[in-house]
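Hello,

Please take a look at the structure below. My notes on it follow.

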Amino acid sequence: MIFNNVRFMMTAMNLRRTMAGLLSAALVSFIALFPVNRADATAGENPVKIGVLAFRGHEYAVSMWTSTAEYLSAQLPQYSFLIVPLRFEEINPAVEKGEVDFILANSSIYVELEYYYGVNRIATMKNFTSEGGYTTVFGGVIFTRSDRMDIQELSDLRGKSFMAVDETSFGGWRVAWRQLKENGIDPYKEFASLKFGGTHDDVVYAVRDGAVDAGTVRTDILERMSHDGKIEMRTFRILNQKIHEGFPYVISTRLYPEWPFAKVRHTPDELAQKVAVALMNMPEESPAVRNAKIAGWTIPLDYGPVHESLRVLRVGPYKDYGKITLLDAVRFYWYWLALGIVLIVGTFGVAVYVIRLNKGLRRVTSELEESQRGLELKVSERTAELRTMYEELEKEIAERRRAEAVVRERDERLRLLLGSVFEAIYGMDIDGNCTFCNAACLNLLGYEREEDLLGKNMHQLIHHSHADGRKYPWEKCRINRMFREKQGIHVDDEVLWRSDGSCFSAEYWAYPIIKNNLVIGCVVTFIDITDRRKMEEEMTKTQKLESLGVLAGGIAHDFNNILTAIVGNISMVMMQVNPVDELYAKLKEIENASVRAKDLTRQLITFSKGGAPVRKAASLVNVIKEPAVFALRGSNVRCEFSMSENLWSAEIDEGQISQVIHNLVLNAKQAMPSGGIIQINAENVSLDPENAMAIEGGNYVKITVADQGGGIPKEHLKKIFDPYFTTKEKGSGLGLAATYAIIRNHEGYVTAESSGRGGGATFTLYLPASEKQVSGEKAAEDVMSAGSGRVLVMDDEEMVRYVAGEMLRKLGYAVEYARNGEETLEMYKSASESGQPFDIVIMDLTIPGGLGGRETIQRLLETDPGARALVSSGYSDDPVMADYRKFGFAGVLIKPYKINQLSEEVRKVMSSRP
């Protein structure tokens, strides 16, 4: 009888397992295993807890599955889903006490929970692969360091230290344990030590760092850690490596079904069904999919292979499988004892025993047949119920698709709105990957499609380096800091990189997206500020130039005062030397060089301050020749001049036009480093009112300066007169810009021509001709007018006062001195009251710390409207010097001046007295 019961129990267990497998296979194409016969959970914000195996630590589990909880909360708004991370040893107590409503753990833990606590799977995970597909199976990886030459095969692990994740971890220990057992290795006896690290990451680090000789983790861990930059795959050697068709990861074991999503016993079936529907419909682009690093969910698989593995290892529900105790031996083999007794008693007892045994077998057979018929009936009923549920599921999926169409329409409107915004906008998740972008973003960055950016790491794509090429680590990025501090930022001193490898100055604003007090991403808006930066740089250059102009003006004033003393003294010495004497020629050369020196500061002053020219009728012959010859001294370049015999005069500022010629000749010389000839021509031309230069019609003097250099590239011709434009390594870009400004201030025109192919360059100037007659320059230099009268010289520089007085005395005038306007006014008044008035006053325009010429002449004319005064200054570009009569002066002297120039100007003013 006991034998019959034992066989019945064993047969029943096998039948139950067989039917369970059949039932699982029959339900593969459906969503849930339980009939919808329980009341739904209370509507509202009901908390639903999802227990998750924290196989890589609590924080990693929360970061992986929080988006899944948020997704389920959004799909089932009457519930609030929460993630509860559990260590291996915490899972069984949490399920047993009902502390969680759903459980997400590895396959072997699920089998134990199914056996002991009645949990049931509703979906199986689809694990995302690096090739873009997915897999629903996994296994284990047994590995060591690649430099461990003593470990090549599994058999080499004997006597070595070994680490796994946890004794209950399926992928992190049990699948590898089974493989070792099949290879004849008992890890608990043959390893030098067997440790458990608690998480997969800790096992990998322990092997990498040499803390243990070898270890095992589930498949895809090594690849994911390598993708995250935590390890390098080449550091490890895979032992017993297998190839399973279609499986993308390195593996050392059999394949088993992936993690199941299961309901615990107390969870309502209707809620489980809704959760299953939501999981099956989870979009591939959902944050829940991306953050969990999976491809979604599918219908639950058959976990028979997991049962088989646990049975082979004698763990979990199979830990006592196949063991026979003394009591079991008595229960199983007592009949042999009884048989012996019966044999002793006699054949009759044997016959009775056989009859009873046959009767028991018939009863067991009958019960089994009845049980099978009942099971078939239940399967048929459940199949019908599942068919009904499947039809309802199809209806719900159709409704969901309609809702998704509405969402897509809303997204399209949002996309159109973003596309119409001028500013470039893109979004990022917490991993730095692009979640959306608008058309302006694509255009500025040089991409054609959204797919070129979506899912890509934006820092690595457009923000990876500084403008000078230095790497810009993500840890130091201000957007990363914004994620940490949860505060928006504004940045305008960085660059972004285009798809073609170029960068541009950008101004951007980044704001975090916060949900439930957690940053889940950010929105970045940016614009190209390259033009603004250039404008700011130009303004800075202009400001510097203005400052330089002010400085140069001060230098010119002081320098010209010094030159006045030099030129004046030389002029007086030359009066005492015979013109045919060699000493006279040397003095003349010194005089010309001294006068030329004042032009060194005029170029920058003219361009930066835009001073009006001090114009007078002059012959252009010497104005052209002298600066040209001066610019070529000591060089291997010479000038050839061609001047019209009756070249018209022009009303010009001789110093400024000399500066123009000097600039053009100097540029021509620099264009011919190997030497050559510069051809300078001057001729008379008449222009029609409708001329190509767009200047007034009339008579002009046309001057051309042509060189034999390499020429000017065609693309540069339109920019050569722009401020700061230069092709020279040490050029300032001001020479031609000053030339242009001077010619325009003379109502003239300047142009440049060049083939750009070694044919040289030609600059052409047009200056308005003047009808005024010009007296011979030689006569003006040699003839000085003696005079008489009283002259008051006002200048703050003693040496200027002295040399001016000496020159005036040589010319026959009586001279007195004043240091500033205050002294001048007082001395002028005293002289007039004493009956010995001054005939003329020579005033310095600028007196530091006192009254200068402009203020003094106004006060002087108020007391004596008939007063006559000459204005004198080294600031040749000052408006007073250009239009001195407007300010009350009768004449002008530009420092430095020679004795003949002083004589001529004083004579003119003296003769203008009534």
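T739 sits in helix α23, residues 735-745. Helices here are DSSP runs of H or I with at least four residues, strands are E runs of at least two, and both are numbered from the N terminus. This is a predicted model, where local features need pLDDT of at least 70, side-chain atom pairs count only at pLDDT 80 or more, and totals for chains, interfaces and linings use all residues. Residues are numbered from 1 along each chain as its sequence is written, and side-chain values use heavy atoms, with hydrogens and water left out.

Back to T739. Its relative accessible area is 0%, so it is buried (under 20% relative accessible area; exposed is over 50%, partly exposed in between; 1.4 Å probe, protein chains only). Neighbours within four places in sequence aside, T739 is in contact with V660, N663 and L664 (contact means heavy atoms within 4.5 Å). The side chains of T739 and N663 also share a polar contact of 3.4 Å. That term means a pair of N or O atoms within 3.5 Å; within protein, one must be able to donate a hydrogen and the other to accept it, and residues adjacent in sequence count only if both atoms are side-chain atoms.

Next, the sheet. 5 strands form an open, mixed sheet in the order β9-β8-β10-β7-β11. Its edges are β9 (193-196) and β11 (236-239), each pairing on one side only. Two strands pair if DSSP finds at least two bridges between them. β7 (residues 140-145) and β10 (residues 214-218) run antiparallel, with 5 bridges. Among the residues involved, F143 has G215 in β10 as its bridge partner.

Two helices lie across this sheet. α5 crosses β7, β8 (161-164), β9 and β10, at about 120° to β10. α7 (residues 200-208) crosses β7, β8, β10 and β11, at about 150° to β10. Axes are lines fitted to C-alpha atoms, for helices over the stretch in contact, and angles run from 0 to 180 degrees between N-to-C directions.

α5 (residues 170-182) is mostly covered, with 11 of its 13 residues buried. S169 caps its N-terminal end: a side-chain oxygen is 2.9 Å from the backbone nitrogen of G172. After α5 comes G184, with a positive phi near 80°.

Last, α11 (residues 304-313). V306, S309, L310 and L313 are buried there. They cover an arc of only 95° around the axis, so they lie on the same side of α11. The arc is that of the directions from the helix axis to the C-beta atoms. The buried residues of α11 pack against α4 (107-117), α5 and β12 (256-257).

Best wishes
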